[in-house]
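Subject: Structure handover

Hello,

Here is the structure you asked to look at. Please open it first, then read my notes below.

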There are 2 protein chains.
Amino acid sequence: MVARKVKLSDVARRAGVSPATVSRAISQPDLLSAATLKRVRAAAQALGYVPDGAARALASGRSMTIGAIVPTLDSTIFARFLQSLQSTLARDGYQLLVASHEMNPAAETEAVRMLLARGADGLILVGADRPRSTLDLLRTGSAPVVLTWCGAPDFACVTVDNERAGYLAAQHLVELGHARIGMVTGRLSFNDRQRARLAGARQAMREAGHEIPDWRVNEQDLSLAGGRIGCAALLQLDTPPTAIIGTIDLLAIACLQEARARRLTVPTDLSIVGIDDVDMSAYLTPSLTTVHIPTGRIGQMAAEMVVSLLENGEAQTHVDLPIELVVRRSTARAGGKA
Amino acid sequence: MVARKVKLSDVARRAGVSPATVSRAISQPDLLSAATLKRVRAAAQALGYVPDGAARALASGRSMTIGAIVPTLDSTIFARFLQSLQSTLARDGYQLLVASHEMNPAAETEAVRMLLARGADGLILVGADRPRSTLDLLRTGSAPVVLTWCGAPDFACVTVDNERAGYLAAQHLVELGHARIGMVTGRLSFNDRQRARLAGARQAMREAGHEIPDWRVNEQDLSLAGGRIGCAALLQLDTPPTAIIGTIDLLAIACLQEARARRLTVPTDLSIVGIDDVDMSAYLTPSLTTVHIPTGRIGQMAAEMVVSLLENGEAQTHVDLPIELVVRRSTARAGGKA
DNA sequence: TTGTAGGCGTTATCAG
DNA sequence: CTGATAACGCCTACAA
């Protein structure tokens, strides 16, 4: 719309130095004398110079951009995760390029390809459950990759023990005397987090001499609507569970709402446990007993990991963040007494 | 890690054609004969060729990347907004580059500069309230800009009448006989959406012969914690309001929780109205009366607008999306009777 | 500390 | 329909 683009050489001419000097002024200021640096900066300022990222990327081989692929952007969890990634990366001068796959493996592969094509210097993905072809693409790519939540042995990753999360949730219920517990989970395919949480809960019950039969596990969309449907289905069984675990807080919150809609009192009539510990959970009435997952930390660590992988070449490549049960008011002893 | 990068010319050699032909095979397939096209594609496939975005961007002047700057990623609203932007842009082959400013004007300016430097072909921002210098930077930049939620006359924008949103919320309360209403708002500076919603509510009250004095307006962080604090403050006034408007659902939901914590029954003892109509609002007990804002549509339209600005040069540059009051169970006649 | 020169991988303009 | 041949704007040895 306005004057044609100001380029490096324009600044150089204005400052009376060579293009190389201007280039250095941007990327390696220390190599210049204070005087010239100042002069170059003044010239750049005056001309309103903005370096061309594409050209820099092409010449230097680095785009200062990190790609992140999440299942969906429309989720409390991933929103916080991205916020955390974004702010941490920004500190190091990197920009975040985001993509989502909406639970479609092919879309994820496509996203990886696109991000790589866009020149992302590094990639951050969620989970490790994806087609071998995608994994190969990731390994082949020259960009460092960091997996989050769930990891794979041959990839750098920032994990959380999802199986243990499910275990802790169920164990808590066992300790309260519950033997018949139901679960509302998200879709299990292409989602290792969900599978692990379910498996962990089953493990805890098994160790206590109980089981969670398939018909007490209800697979739903990860939404409030899904949670309510799943909860309703479990409550309508001939022998309804005395407690329900939602594999993510959103689902558990929906269960809380469904229970209330059915005039059941939580936790007296029904205990409910979630996993994640989102903000909302602490503020509900009754507040939700859940397993805390350090979502923000996962993002921060993942960001720091790609950056250090990128800049130091090396880095600790396996971090497992601690999780813990947070007992609040949505759980009580089986049998009705709080 | 592996073989050095496969480039255009490698594919060309393998396919026995010139580099130019390979380039066309990617960007203008129609110009090639079916036979050569097929041959080139096979070669590219075999070599695992991935075009270099930086080089393409440098040579073509377009990065196929759109930058979006939101106040924060960590919000239901903006998460949905971004999701919508992302999926719409993806359809046209664009990638989303995101940044957030956490309510810091300077950070936003910095983000604009960075996004422009990264070669974003277009920019999507939230609101129109920012320093003149940033506006100038936006105008100067050669990239089309689309403002969302609130607009400015000389920018393309996808808006929603925030003032009317506040107006509708208050008007509904007036019709229910409420004269003393309180408001819990977010920080008003650097946030035209909040100011407009507050102003609209005041306008509605004024027209009804009432006022919303400053001391019945409580400015808080846009969080559940903020909402509860704000609600508590209003309820502790000598003459507490009979109804409260939260300028975003999150705040209103927090008010609902605070009211319950104080053993107040909503809507009998206190009516509460929100603005946004997030998913959760419909599922709460009582469900939240609120003003529906088509968040997803805003994102979709904004995305379509940048793209058409980019590709057709022209486009409708001012779209105002309709909003409407959604009456649910959190409001009732003043005086206690539902 | 600063200048020179060649190249990064594609696209685009022109011929053929 | 396809092939040469310049740019594109910046970085980076290498030289001074």
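**An aspartate in a strand**

Asp276(B) lies in strand S9 of chain B. (Helices, H or I, have at least four residues and strands, E, at least two; they are DSSP runs, numbered from the N terminus.) Its phi is near 140°, a positive value in a residue other than glycine. Asp276(B) is buried, at 4% relative accessibility. (Buried means under 20% relative accessible area, exposed over 50%, partly exposed in between, with a 1.4 Å probe and protein chains only.)

Chain A has its own Asp276. Asp276(A) is found in strand S9 of chain A, residues 271–276. Its phi is near 140° too, again positive without being a glycine. With a relative accessible area of 5%, Asp276(A) is buried. For background, most residues other than glycine have a negative phi, and most peptide bonds are trans.

**Before you go on**

This is a predicted model: local features need pLDDT of at least 70, side-chain atom pairs count only at pLDDT 80 or more, and totals for chains, interfaces and linings use all residues. Residues are numbered from 1 along each chain as its sequence is written, chains are lettered from A and ligands numbered from 1 in the order in which they are written, and side-chain values use heavy atoms, with hydrogens and water left out.

**Cis peptide bonds**

Where are the cis bonds? One runs from Thr285(A) to Pro286(A), with omega near -5°. Pro286(A) sits in the loop between helix H12 (279–283) and strand S10 (289–292) of chain A. Another joins Val266(B) and Pro267(B), with omega about 10°. Pro267(B) is in the loop between helix H11 (249–261) and strand S9 (271–276) of chain B.

**Two copies**

How are chains A and B related? A rotation of 180° with 0.1 Å of shift along its axis superposes chain B on chain A, with an RMSD of 0.1 Å. The two copies are thus related as by a two-fold rotation axis. (Copies are superposed by least squares on the C-alpha atoms of residues with pLDDT of at least 70 in both.) The copies meet through the same surface, because 100% of the interface residues of chain B are also interface residues in chain A.

**DNA strand D**

Which residues come nearest to DNA strand D? Of the 24 around it, they are Leu8(A), Tyr49(A), Arg56(A), Thr21(B) and Arg24(B). (A residue is near a strand if one of its heavy atoms lies within 4 Å of it.) Of the strand D atoms within 4 Å of the protein, 70% belong to sugar or phosphate and the rest to bases.

Some polar contacts stand here. (Each is a pair of N or O atoms within 3.5 Å.) A polar backbone atom of Leu8(A) is 2.5 Å from a phosphate oxygen of strand D. The side chain of Arg24(B) has an N or O atom 2.5 Å from a base oxygen. For the side chain of Arg24(A), an N or O atom is 3.4 Å from a base nitrogen. Helices H2 (19–27) and H4 (53–60) of both chain A and chain B give two or more residues each to the surface near strand D. H4(A) gives the largest share, 4 residues.

**DNA strand C**

There are 23 residues around DNA strand C, and Thr21(A), Arg24(A), Leu8(B), Ser23(B) and Tyr49(B) come nearest. Sugar and phosphate account for 67% of the strand C atoms within 4 Å of the protein. Phosphate oxygens of strand C lie 2.9 Å from a backbone N or O atom of Ser18(A), 2.7 Å from a side-chain N or O atom of Lys7(B) and 2.5 Å from a backbone N or O atom of Leu8(B). H4(B) gives the most to this surface, with 4 residues.

**The core**

The largest nonpolar core has 145 residues, and Phe81(A) and Leu82(A) have the most contacts inside it. (Such a core is a set of buried Ala, Val, Leu, Ile, Met, Phe, Trp, Tyr and Cys residues joined through side-chain atoms within 4.5 Å.) Helix H13 (residues 295–311) of chain A gives the largest share, 9 residues. Apart from this core lies another, of 38 residues, among them Ala99(A) and Leu115(B).

Best wishes

How values were computed: Contact means heavy atoms within 4.5 Å. A polar contact is a pair of N or O atoms within 3.5 Å; within protein, one must be able to donate a hydrogen and the other to accept it, and residues adjacent in sequence count only if both atoms are side-chain atoms.
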